[in-house]
Amino acid sequence: MKEIDWSNLSFGYMKTDYNVRIYYRNNAWGELEVSSEETIPLHIAATSLHYGQEAFEGLKAFRGKDGKVRIFRLEENAARLQSTCRGIMMPELSTERFREAALRVVELNKHFVPPYESGASLYLRPLLIGTGAQVGVKPADEYLFLIFVTPVGPYFKGGFAATPYVITRKYDRAAPLGTGTYKVGGNYAASLRASHEAHVGGYSAEFYLDAKEKKYIDECGAANFFGIKDNTYITPLSTSILPSITNKSLMQLAEDLGMKVERRPIAEAELSTFEEAGACGTAAVISPIERIDDPENGHSYVIAKDGKPGATCLKLYNKLRAIQYGDEPDTHGWVTILE
Ligand code: PLP
Ligand code: COI
């Protein structure tokens with residue numbers, strides 16, 4: 001195996017040894033199969049290709065100081081995948097089968113879990129797609145679930161640093177009663193142009209407002225939003241954002257730290273009142289927000305006045321990472337340790 005420079009990993013694809021696959025045929029999920037292929041044979045009329053019958057997930061495994069490998073909140077990812085399956089009429093995979101696949105694929109690729117000191121992790125990418133042929137717009141009758149893994153470093157360049165974000169008014173990611181709460185590829189296709197324009201403009205990512213009124217903060221590129229003020233953690237309540245497992249964890253940790261937690265609509269104008277703010281997600285972890293520009297409206301909301309991450313963001317980040325790496329007790333039962 002080629003030596004891996006663990007300290008310089010980006011958030012990208014690296015070939016690992018194995019992936020695992022489970023096929024759904026004749027109305028039932030089959031046995032787990034182990035593959036070393038990076039490709040899948042796919043029918044030219046598969047519903048995933050034509051009608052977006054596709055769901056994915058993202059979760060991470062961490063190597064602790066004790067050498068043990070810990071997978072973070074895999075049951076939550078299994079449940080969200082089940083919700084997505086219901087949303088786009090795919091058969092649900094049980095939490096037990098999801099767990100079996102996740103544990104097996106990490107075990108098979110154990111030497112790709114980065115060392116503790118690197119601060120990197122192994123990213124698990126579950127995928128569930130319609131493989132059966134249809135020409136009419138209908139759900140498939142055959143499906144493939146797979147998980148591949150790849151070692152990753154920080155999602156945003158610079159890691160834990162305060163960076164600028166931009167509100168897009170030209171594009172919506174998801175409609176109020178659309179697929180925004182599901183992790184389907186189509187939502188990400190809808191975000192590509194806005195994301196590209198944000199990056200060209202020097203921003204970390206694009207922010208979406210609610211599609212109906214263009215008044216409330218929804219979420220940013222591939223992460224949820226939270227703001228901090230008056231010892232309160234505030235995060236949007238919206239029918240068009242992904243229910244982030246990181247955000248759910250941070251709400252709990254904020255409570256543990258004695259903070260109040262509010263989930264409610266956040267009007268854009270409220271941005272100017274936050275003492276701190278961050279983007280959060282599996283890939284993003286916590287990415288502190290320096291400022292959010294709204295160029296089409298002529299506003300710039302500066303949040304980190306000194307350009308640095310705030311003390312609460314840092315506290316939450318350290319707490320989350322400590323649980324993920326096993327440095328602090330897993331009091332909420334979030335971690336599955338690989339035996
Ligand atoms: N929102 C979007 C659109 C995402 O793609 C992600 C990434 O998974 C998140 C939020 C954060 O969710 P989680 O914390 O479960 O990774
Ligand atoms: C994640 O945080 O797991 C994501 O899915 C983000 C992105 C790479 C799509």
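Which residues does S36 touch, not counting residues up to four places away in sequence? Keep that one in mind for Figure 2; first, some housekeeping. This is a predicted model, in which local features need pLDDT of at least 70, side-chain atom pairs count only at pLDDT 80 or more, and totals for chains, interfaces and linings use all residues. Residues are numbered from 1 along each chain as its sequence is written, chains are lettered from A and ligands numbered from 1 in the order in which they are written, and side-chain values use heavy atoms, with hydrogens and water left out.

**Figure 1. The whole protein, before we zoom in.**
You're looking at seven helices and 18 strands; helices (H or I, at least four residues) and strands (E, at least two) are DSSP runs, numbered from the N terminus. The radius of gyration is 20 Å, close to the 20 Å that the globule rule gives for 339 residues, so the protein is as compact as a globular protein of that length. That radius is taken over C-alpha atoms, and the globule rule is 2.2 Å times the number of residues to the power 0.38. Along its principal axes, the C-alpha trace spans about 55 × 50 × 35 Å. Of the 339 residues, 52% count as buried. Here buried means under 20% relative accessible area, exposed means over 50%, and partly exposed is in between (1.4 Å probe, protein chains only). Contacts with a separation of 6 or more are mostly long-range ones: residues 24 or more positions apart account for 72% of them. A contact, by the way, means heavy atoms within 4.5 Å.

**Figure 2. S36, in the loop between β3 and α1.**
Here's the answer to the opening question: S36 touches K15, D17 and Y18, once residues up to four places away in sequence are set aside. Its loop runs between β3 (33-35) and α1 (47-51). With a relative accessible area of 44%, S36 is partly exposed. For a sense of scale, the C-alpha atoms of S36 and R169 are separated by 43 Å, and the two residues are 133 residues apart along the chain.

**Figure 3. N109, in the loop between α3 and β7.**
You'll meet D17 and Y18 again in this view: leaving aside neighbours within four places in sequence, N109 is in contact with T16, D17, Y18 and V149. N109 is found in the loop between α3 and β7. Its relative accessible area is 0%, so N109 is buried. Check the side chain of N109, where a polar atom lies 2.9 Å from the backbone nitrogen of D17.

**Figure 4. P115, in the loop that also holds N109****.**
The loop in question joins α3 (95-108) and β7 (121-130). Is P115 buried or partly exposed? At 24% relative accessibility, P115 counts as partly exposed. Apart from neighbours within four places in sequence, P115 is in contact with W6 and R63. Look for G67 too: P115 and G67 are 48 residues apart in sequence and 8.0 Å apart in space, C-alpha to C-alpha.

**Figure 5. S249, in helix α6.**
Helix α6 covers residues 245-256, and S249 is found in it. S249 has a relative accessible area of 0%, so this serine is buried. Where does its side chain point a polar atom? One lies 2.7 Å from the backbone oxygen of I245. Setting aside neighbours within four places in sequence, S249 is in contact with F72, R73, L320 and W334.

**Figure 6. A322, in helix α7.**
A322 sits in α7, a helix made of residues 311-324. This alanine is buried, with a relative accessible area of 8%. Not counting neighbours within four places in sequence, A322 is in contact with D327 and E328. A322 and G64 are 258 residues apart in sequence, but C-alpha to C-alpha they are 9.4 Å apart in space.

**Figure 7. Two positive phi values, at M89 and K214.**
Most residues other than glycine have a negative phi. M89 has phi near 55°, a positive value in a residue other than glycine. You'll find M89 in the loop between α2 (74-87) and α3, and at 60% relative accessibility it counts as exposed. Phi of K214 is near 55° too, and again the value is positive in a residue other than glycine. K214 is in the loop between β10 (206-209) and β11 (217-220). With a relative accessible area of 22%, K214 is partly exposed.

Conventions
A polar contact is a pair of N or O atoms within 3.5 Å; within protein, one must be able to donate a hydrogen and the other to accept it, and residues adjacent in sequence count only if both atoms are side-chain atoms.
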